[in-house]
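Good morning, everyone, and thank you for making time for this. Please have the sequence and the model open in front of you, and we will go through a few places together, slowly.

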Amino acid sequence: MNTKIKRIAISTGGGDAPGLNAVIRAATIAAINRGWEVFGIRDGYNGLFLPHDYPEGGLMPLTRHAVRGITHLGGTIIGTTNKGNPLKYPTKRKDGTMYEKDRSDEIMRAFKKHKIDALIAVGGDGSLSIAKVFSDKGMRVVGVPKTIDNDLSKTVITFGFDTAVSFATGCIDRLHSTAEAHQRVMVVEVMGRYAGWIALECGVSGTADVILIPEIPYDMNKVAKKINDRTKSGAKFSIVVVAEGAKPIGGSTSVIGKELGRAERIGGIGERVAKEIQKLTGKESRCVVLGHLLRGGSPTTFDRLISLRFGAAAVRALDEGKSGVMVALDPPTVRYVPLEEATKRLKNVPLNSDVVLTARDLGTSFGD
Ligand code: F6P
């Protein structure tokens, strides 16, 4: 046992994903069983450096009791945020203009003040890049890969993805009946940022006719041809799945807004695609944006299990003296990869992936 660790903190950052609470439970129990004290940092890192009104402080004691009965719950009991990145905290100058300030040293001082020996950072590329800075500054850190987008390198899968894809597939199943009944084109926009994993996997599983993903820029005429061909062959409805980050050939990602201290917000492409399909095919087209519904609900069995495995593995890593690493799924096992490698670049859908080839073999159009 690593005798130097007495107190650890857990932080959940970025967009919530089903499985966060399962990670918290597993890490907490595994740590308590080693005699460590465990605290949850409220709302990403906010609990350590921003004013708050939590009566017991910005660090929530994670006791055995506190983590009872949470494995199946969506969200995170310690809160999260994707605003106010502490490395780029939106700050006002005297003249009223804003700039992004690095407040990481304040957090390092807070770790010291609260005698936190190690941090388990649960997050996507943004939160894990922040955690890497703390690791570089001397904090003992182990990361856990979370995101419904599944866009983190060096792990076969992130937790939250399976739940999001399963839910989206169920929605596509439901949309089939109304599409068929009304002879419409139903366009389903799903999250995923700059990666098409969710759209691809729910699109293939839900037998969509067209799947548009950021990795394969589309030509709207090709999309319209696929729909017209279906109409001619007697299939009077179509299902089109669009990743929020999809873009036309020569075009760019549809961005809703950009604020200081947070990633740009993506969306709106589904509505645009539906309008263009209606114009080009004459068929009534409707858009459904699944949005944040994909992040809610109870984690699937798969997500629960990898979340519990990741949480326990993060504690084992700390106990073995590891730091600056992320736990990663490398079936059949969980291994540790340097945080630096995991956050260097996003994991996109490979164009020759078996799932892409499967879709093409089944006649699904990517609009290319
Ligand atoms: O990264 C998870 C995610 O849900 C993305 O798929 C999406 O683009 C983004 O977060 C939305 O963030 P917000 O909750 O700020 O709208």
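Let us begin in helix H7, which covers residues 220-232, where Asp 229 and Lys 232 are 3 residues apart and are therefore separated by about one helical turn. Please keep in mind throughout that this is a predicted model. The side chains of Asp 229 and Lys 232 meet in a salt bridge, with a distance of 3.9 Å from N to O, and the cut-off for calling such a pair a salt bridge is 4 Å. As for how much of each partner is accessible, Asp 229 counts as partly exposed at 32% relative accessibility, whereas Lys 232, at 71%, counts as exposed. In general terms, side chains of opposite charge can pair when their charged atoms come close.

How many salt bridges does the structure hold? The structure holds 17 of them, and I would like to show you two more. One is formed by Glu 37 and Arg 7, whose side chains meet at 3.1 Å, again taken from N to O. Glu 37 lies in strand S2, residues 37-41, and Arg 7 lies in strand S1, residues 7-12, so this pair ties together parts that are 30 residues apart in sequence. Glu 37 is partly exposed, with a relative accessible area of 40%, and Arg 7 is also partly exposed, with a value of 21%.

The other is the salt bridge between Arg 184 and Glu 284, in which the closest N and O atoms are 3.1 Å apart. Here Arg 184 sits in the loop between helix H5 (161-182) and strand S8 (185-190), while Glu 284 sits in the loop between helix H8 (269-281) and strand S13 (285-289), so the pair ties together parts that are 100 residues apart in sequence. Is Arg 184 buried or exposed? Arg 184 is buried, with a relative accessible area of 12%, while its partner Glu 284 is partly exposed at 33%. There is also a third member to look for, since salt bridges that share partners join Arg 184, Glu 284 and Arg 286 into one network.

Now let us step back to the domains. The domain assignment of the protein chain gives domain 1 as 7-159 + 299-331, and domain 2 as 164-294 + 350-361, so please notice, as you colour the chain, that each domain is written as two segments. The C-alpha centres of domain 1 and domain 2 lie 33 Å apart.

Where the two domains meet, 14 residues of domain 1 are in contact with 13 residues of domain 2. The size of an interface is often given as the accessible area lost when the parts come together. For domain 1 and domain 2 that buried area is about 1100 Å², with 59% of it on carbon and sulfur atoms. Glu 100, Ile 148 and Asp 149 supply 44% of the area that domain 1 buries against domain 2, which is more than any other three residues. Strand S5, residues 98-101, gives the most to the side of domain 1 that touches domain 2, with 3 residues. By class, that side of domain 1 has 4 nonpolar, 5 polar and 5 charged residues. And which polar links cross between the domains? Across the interface the rule finds 0 salt bridges, and the count of residue pairs in polar contact between domain 1 and domain 2 is 1.

Next, please find Thr 163, which belongs to helix H5 and, at 7% relative accessibility, counts as buried. A polar atom of the Thr 163 side chain lies 3.1 Å from the backbone nitrogen of Thr 300. Leaving aside residues up to four places away in sequence, Thr 163 touches Pro 18, Gly 296, Ser 298, Pro 299, Thr 300 and Asp 303.

I will finish with the backbone. Pro 331 and Pro 332 are joined by a cis peptide bond, with omega about 10 degrees, and Pro 332 is placed in the loop between strand S14 (325-330) and strand S15 (333-338). Asp 43 has a phi near 55 degrees, a positive value in a residue other than glycine, and Asp 43 is placed in the loop between S2 and helix H2 (46-49). Lys 115 likewise has a positive phi, near 55 degrees, and lies in the loop between helix H3 (104-113) and strand S6 (118-123), where Lys 115 counts as exposed at 60% relative accessibility.

Methods
Residues numbered from 1 in each chain as written. Predicted model: local features only at pLDDT ≥ 70, side-chain atom pairs only at ≥ 80, totals over all residues. Heavy atoms only, no water. Contact = heavy atoms within 4.5 Å. Buried area = accessible area lost by both parts, 1.4 Å probe. Polar contact = N/O pair within 3.5 Å; in protein donor to acceptor, adjacent residues only side chain to side chain. Helix = DSSP H or I, 4+ residues; strand = E, 2+ residues; numbered from the N terminus. Nonpolar A, V, L, I, M, F, W, Y, C, P; charged D, E, K, R; others polar. Buried < 20%, exposed > 50% of the residue type's maximum accessible area, 1.4 Å probe, protein only.
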